[in-house]
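Dear colleague,

I am handing over the structure below, followed by an account of what was found in it. Please keep it open beside this email as you read.

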Amino acid sequence: TKGSEFNFIRTDEKTAYYSSSTIENGNYQTVIYKTTLNDKVWTNGVYFHLTELYNTANIQFLKSGKYHYFTSSKLNEKQKIYKIKKENKEVVCLPDVINKENYINTQPHISHHSNQECLYFVSDRKGGFGGLDIWVSIIDKNGNFGVPINLGPNINSKYDEITPFYNSWTNQLYFSSNRISERGFDIYK
């Protein structure tokens, strides 16, 4: 579109979801769309309704999980991370340990690492190295989120680190950073 599309996530060979951001009445509004592959061409996206909040983006699926995770916010408020139960579509805002008040909390990525379920996410909360940093929270057997851990100076810098993706098959974390600022964002692993 004339806006920005990002966070393209395939859930199977013929289905994908993505976020699209446009300007509506002078404000950016972001929503999620669903698309299907038809004769080797992705069809026009269809709005995928998750919540009544103004902005919804960064959907993330874990095939074996009970929830889809996404980011949402009210107009002119900071982003928070939510989950929606697959079976009954109940939307739940993650607890304060993840959604620290007055800070951006966004771009959830659920993965398994060392036989534990982990939530990687991006936040500008205190305790970071500056800008947006990548954090991880261990999720226990009961679904409780542990205190987030900053991924440290080998990952985070005084600039912005975003879009975490942990590949559990290769044990590699992929992310973007603008630490070489004149070039914009680059991909690191």
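Of the 189 residues of the chain, 41% count as buried, and please bear in mind throughout that what you have here is a predicted model. The chain has 16 strands and zero helices. Its radius of gyration is 16 Å, close to the 16 Å that the globule rule gives for 189 residues, so the chain is as compact as a globular protein of that length. Along its principal axes, the C-alpha trace spans about 45 × 40 × 35 Å.

I will take the strands first. Four of them, in the order β6-β7-β8-β9, form an open sheet in which the pairing is antiparallel. The edges of this sheet are taken by β6 (55-61) and β9 (91-93), each of which has a single partner strand, so that one side of each is left without a neighbour in the sheet. From one strand to the next, the twist averages 30 degrees. Within the sheet, strand β7 (residues 67-73) and strand β8 (residues 80-85) pair in the antiparallel sense over six bridges, and S72 stands opposite K80 in β8. As a general reminder, strands of a sheet pair through backbone hydrogen bonds, either parallel or antiparallel.

Another pairing that deserves your attention is the one between β10 and strand β11 (residues 116-123), which is antiparallel and runs over seven bridges. The bridge partner of S111 is C118, in β11. These two strands form a hairpin with two residues between them, and S114, in the turn, has a positive phi of about 50 degrees. As for the surroundings of strand β10 (residues 105-113), seven of its nine residues are buried, so the strand is largely enclosed by the rest of the structure.

Strand β10 also leads to the pockets, because it gives the most to the lining of the largest pocket, with seven residues. The space in that largest pocket comes to about 1400 Å³. It is lined by 47 residues, and the closest to its centre are N7, I9, I59, Q60 and P108. Several strands, namely β1 (4-10), β3 (27-38), β6, β7, β10, β14 (161-167) and β15 (172-177), each supply at least two residues of this lining. By class, the lining of the largest pocket holds 18 nonpolar, 23 polar and six charged residues.

The second largest pocket contains about 250 Å³ of space. It is lined by 15 residues, of which K66, Y67, Y69, E117 and G143 lie nearest its centre. When the residues of this second lining are divided by class, six are nonpolar, four are polar and five are charged.

Some individual residues may also be worth finding in the viewer. N58, whose place is in strand β6, has a positive phi of about 55 degrees although it is not a glycine. With a relative accessible area of 9%, N58 falls under the 20% cut-off and is therefore buried. N102 likewise has a positive phi, near 65 degrees, in a residue other than glycine, and is found in the loop between β9 and β10. Its surroundings can be put as a question: is N102 buried or exposed? At 63% relative accessibility, N102 counts as exposed, since the cut-off for that class is over 50%.

Two further loop positions can be described together with a partner that is distant in sequence. D12 sits in the loop between β1 and β2 (15-24) and counts as partly exposed, at 39% relative accessibility. In sequence, D12 and L37 are 25 residues apart, while from C-alpha to C-alpha they are 10.0 Å apart in space. G146 has its place in the loop between β12 (133-139) and β13 (149-150), and at 24% relative accessibility G146 counts as partly exposed. G146 and Y166 are 20 residues apart along the chain, and their C-alpha atoms are separated by 18 Å.

With kind regards

How values were computed:
Residues numbered from 1 in each chain as written. Predicted model: local features only at pLDDT ≥ 70, side-chain atom pairs only at ≥ 80, totals over all residues. Heavy atoms only, no water. Buried < 20%, exposed > 50% of the residue type's maximum accessible area, 1.4 Å probe, protein only. Helix = DSSP H or I, 4+ residues; strand = E, 2+ residues; numbered from the N terminus. Pairing = 2+ DSSP bridges. Axes fitted to C-alpha atoms, helices over the stretch in contact; angles between N-to-C directions. 1 Å grid on protein atoms, 1.4 Å probe; cavity = no way out; pocket = protein on both sides within 12 Å on 5 of 7 lines; lining within 4 Å. Points joined across faces, edges and corners; volume = space filled by probe spheres on them. Nonpolar A, V, L, I, M, F, W, Y, C, P; charged D, E, K, R; others polar. Rg over C-alpha atoms; globule rule 2.2 N^0.38 Å.
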